[in-house]
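User: I should like to go through the charged contacts and some local features of a model. Please keep to what can be computed from the atoms.

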Amino acid sequence: MQKEKLYGKTINELIAVTKRLGMPGFAARQIADWLYKKEISSIEEMTNLSKKMRDLLSAEYEIGLSAPVKEAQSADGTKKYLYQVLSDKFIETAYIPDEDRATICVSSQAGCKMGCIFCMTGKQGFQGSLSSNEILNQFRSLPEFRSLTNMVYMGMGEPLDNVTEVLKSLEILTSEWGYAWSPTRITVSTVGLINGIKEFLEKSRCHLAVSLHSPFDEERRKLMPVQRTNTVREVLDIIRNFDFNSQRRISFEYILFKGLNDTPLHIKELAKILNGIKCRINLIRFHPIPGSEFQSPNLAATINFKEALNAKGILTTIRASRGVDIQAACGLLSTLELNKSVQR
Ligand code: SF4
């Protein structure tokens, strides 16, 4: 019989487990402590639970951690890990060390339904949503786990298309009974799913990043099919009307495609649609993917675009391209693995 995983359960879920097994009320907090603070890897190590309680738990549950199955390291220190999920699927996790920070980029789904045309994960199609266990296992089982300072949900999948499990993972990361991380160390990225954004803004205090990529409806629709049903104007209205505290940050991701979305008209329209929103734009240089005609503008053009936006009063930065030599664009490594398993 497949055992249920304890790791990735919220305190309320652990209370339900202990109640069902007839364990005392305080046992759930003790289990959470072992799982998220003391970092054990077996139920036997929960030594402040009686032997009887440990046996009861072990009969039906396991901790549920699993190490990455493959890794690739870039010359710049970025690492990409491949984890096996949903029994036979693969997802990617990136570890990005920087001067004073170390960021993990986690996946929330295997494949993706959103179909953004510039994305390798989008080309894989959708294979399934990850559980809170599978999301957090990428963090806990990362060899560099102890050095991590920041976390971004920008890997494979659309986090707000899996909002319940993503919110559970955020609760565990930020609760005092969990990892007790400040929500300001975590950013969740979305293509702009209206209902998911509303729920995420209400139920978490983490930063939000919206993938924008074009201020023009028609052009964005071609790049990101989500624009057909969830327009960026509706997303901006929600953001405008939400009462953000000073700690919480909104950013917009903007991949620059040469000759497509990098013109003066785009700068003008971006300044217009973002007017009145306290935000930042992160410009991202496009990582080429096989079979794609898109190209990245050169660095000088990227800097010009950034400076023009800054001159319009929009705080704009260029995200450093990391791990280009290890297929770091989201979805490339797992696509190779997927193709291999199809050929086997
Ligand atoms: S860019 Fe993100 S949302 Fe779009 S297809 Fe790729 S993984 Fe999905």
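User: How far apart, N to O, are the side chains of Lys5 and Glu62 where they meet in a salt bridge?

Analyst: This is a predicted model, in which local features need pLDDT of at least 70 and side-chain atom pairs count only at pLDDT 80 or more, whereas totals for chains, interfaces and linings use all residues. Residues are numbered from 1 along each chain as its sequence is written, and side-chain values use heavy atoms, with hydrogens and water left out. A salt bridge is a side-chain nitrogen of Lys or Arg within 4 Å of a carboxyl oxygen of Asp or Glu. Lys5 and Glu62 form such a pair, and the N to O distance is 3.2 Å.

User: Which strands does this pair of Lys5 and Glu62 link, and how many residues apart are the two?

Analyst: Helices (H or I, at least four residues) and strands (E, at least two) are DSSP runs, numbered from the N terminus. Lys5 belongs to strand S1 (residues 4-5) and Glu62 to strand S2 (residues 61-62), so that distant parts of the chain are linked. The strands are S1 and S2, and the separation is 57 residues.

User: Are Lys5 and Glu62 buried, partly exposed or exposed?

Analyst: Buried means under 20% relative accessible area, exposed over 50%, and partly exposed in between (1.4 Å probe, protein chains only). Lys5 has a relative accessibility of 30%, and Glu62 has a relative accessible area of 30%. Each value therefore falls in between, and Lys5 and Glu62 count as partly exposed.

User: With which residue does Arg29 form a salt bridge?

Analyst: Arg29 lies in helix H2 (residues 27-36), and its partner is 147 residues apart, in the loop between helix H6 (163-174) and strand S10 (186-190). Arg29 is partly exposed at 42%, while the partner is exposed at 53%. The closest N and O atoms are 2.8 Å apart, and the partner is Glu176.

User: Are Lys79 and Glu144, which form a salt bridge, buried or exposed?

Analyst: The closest N and O atoms of Lys79 and Glu144 are 2.8 Å apart. Lys79 is in strand S4 (residues 79-85), and Glu144 is in the loop between H5 and strand S9 (150-153), 65 residues apart. With relative accessible areas of 16% for Lys79 and 11% for Glu144, the two residues are buried.

User: Which side chain of opposite charge is nearest to Arg140, and how far away is it?

Analyst: Lys and Arg count as positive and Asp and Glu as negative; His and the chain ends are not counted. Arg140, in helix H5 (residues 132-140), is buried yet has no salt bridge. Its side chain does have a polar atom 2.8 Å from the backbone oxygen of Glu39. The nearest side chain of opposite charge is that of Glu39, 5.0 Å away.

User: How many residues of the shell around the ligand are nonpolar, polar and charged?

Analyst: The ligand is surrounded, within 4 Å between heavy atoms, by residues including Cys112, Met114, Gly157 and Val191. Ala, Val, Leu, Ile, Met, Phe, Trp, Tyr, Cys and Pro count as nonpolar, Asp, Glu, Lys and Arg as charged, and the others, Gly among them, as polar. The shell divides into five nonpolar, four polar and no charged residues.

User: What is the phi of His213?

Analyst: His213 is placed in the loop between strand S11 (207-211) and helix H8 (217-223), and is buried at 3% relative accessible area. Although His213 is not a glycine, its phi is positive, at about 65°.

Methods: A polar contact is a pair of N or O atoms within 3.5 Å; within protein, one must be able to donate a hydrogen and the other to accept it, and residues adjacent in sequence count only if both atoms are side-chain atoms.
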